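Reader: I'd like to practise reading cysteines and strands in a model. Could you walk me through it?

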Amino acid sequence: MNKYQAHPTAVIDEGALIGEGCTIWHFCHISGGASIGKGCTLGQNVYVAPKVNIGQRVKIQNNVSLFTGVIIEDDVFLGPSCVFTNILTPRSEVNRKDQFLKTTVKKGASIGANAVILCGNEIGRYAMVGAGSVVTKSIKDFELVAGNPAVHFGWVGRYGEKLQFDSDGWAECKKTGNRYYLSDGEVKEYISSKEKSVKKYG
C-alpha cells in the first residue's frame with residue numbers, strides 16, 4: 001500500500017520514488033528514476049522528469065515542469081507556472097541530451113509565480129525570487145531578486161521578511177528573533193534560542 005496520496009488522473013511511472021506523506025494532485029506525471037522526499041505537495045499538472053531529485057516538505061504549485069538536471073532541496077516553494085530549463089542553446093534538430101546543465105534550488109528558497117530559471121545556476125538557501133522574474137545567474141543565500149533579468153533587491157530572513165541592516169551590518173527578524181550579519185555581500189544567520197527550541201533547523 002502506498003504511503004502517499006495520488007489523484008487517479010496522476011501518472012506515476014515504475015521506478016519513481018515517492019516519500020511518505022506526499023500529496024500528488026490532478027494530471028501530474030512522475031517519471032521513473034525521479035525521487036521525491038517525504039511530505040511534499042505537487043499541485044495540478046506538475047511534471048517531474050527522470051533523475052530529478054526533490055527533497056522533503058517541498059511545495060510545488062500548479063503547472064510546474066522539473067526537467068532532468070534540476071535538484072530541489074528541502075522546504076523549497078515553487079510558485080505556479082514557474083519554469084526551469086536544462087539546455088542553454090536548444091535546437092529541435094540537434095540532440096543535446098548529453099549537455100543538460102544542473103540547476104539547484106537550495107533549502108528553504110522560494111520562487112514566485114511565472115518566474116523563469118535558466119539552467120546552470122544555483123538559487124541560494126532561503127533566497128526569494130519575485131513573480132515573473134527571469135533568473136540568468138546564481139543567487140546568494142537569503143538574497144531577494146526580481147525583474148527581467150532578475151537583479152538584487154535586498155535580503156530576506158528565513159521567515160521571508162525583508163531584512164534591514166544597521167551601520168554595523170546586523171539585522172534582526174522581528175518574527176523569529178534570528179539575527180543576520182551582512183559582510184562582503186554575504187549574509188550569515190544566527191538562530192535565536194527561542195527558534196532552536198521550536199524547530200530544528202538544518
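Author: Gladly! A disulfide here is a pair of cysteine sulfur atoms within 2.5 Å. Keep in mind that this is a predicted model.

Reader: How many disulfides does a search of the whole structure find?

Author: The search finds zero disulfides.

Reader: Why does Cys 119 have no bond to the closest cysteine sulfur?

Author: In general, a disulfide is a covalent bond between the sulfur atoms of two cysteines. Here the closest cysteine sulfur to that of Cys 119 belongs to Cys 82 and is 15 Å away, which is too far for a bond.

Reader: Is Cys 119 buried or exposed?

Author: Cys 119 is buried, because its relative accessibility is 4%, and buried means under 20%. Cys 173 is buried too, at 3%.

Reader: Now the strands. In what order do the nine strands of the open sheet stand?

Author: The order is 1-4-7-10-13-16-19-21-22, with mixed pairing. Strand 1 (5-6) and strand 22 are at the edges; each has a single partner strand, so one side of each lacks a neighbour in the sheet.

Reader: Which strands show the parallel and antiparallel senses?

Author: For the parallel sense, take strand 19 (residues 128-129) and strand 21 (residues 143-146), paired over two bridges. Met 128 has Leu 144 as its bridge partner. Strand 21 also runs antiparallel to strand 22 (residues 151-155), joined by four bridges, and there Leu 144 stands opposite Gly 154.

Reader: What lies between strand 21 and strand 22?

Author: Four residues separate the two strands of this hairpin, and Gly 147 in the turn has a positive phi of about 105°.

Technical notes
Residues are numbered from 1 along each chain as its sequence is written. This is a predicted model: local features need pLDDT of at least 70, side-chain atom pairs count only at pLDDT 80 or more; totals for chains, interfaces and linings use all residues. Side-chain values use heavy atoms; hydrogens and water are left out. Buried means under 20% relative accessible area, exposed over 50%, partly exposed in between (1.4 Å probe, protein chains only). Two strands pair if DSSP finds at least two bridges between them.
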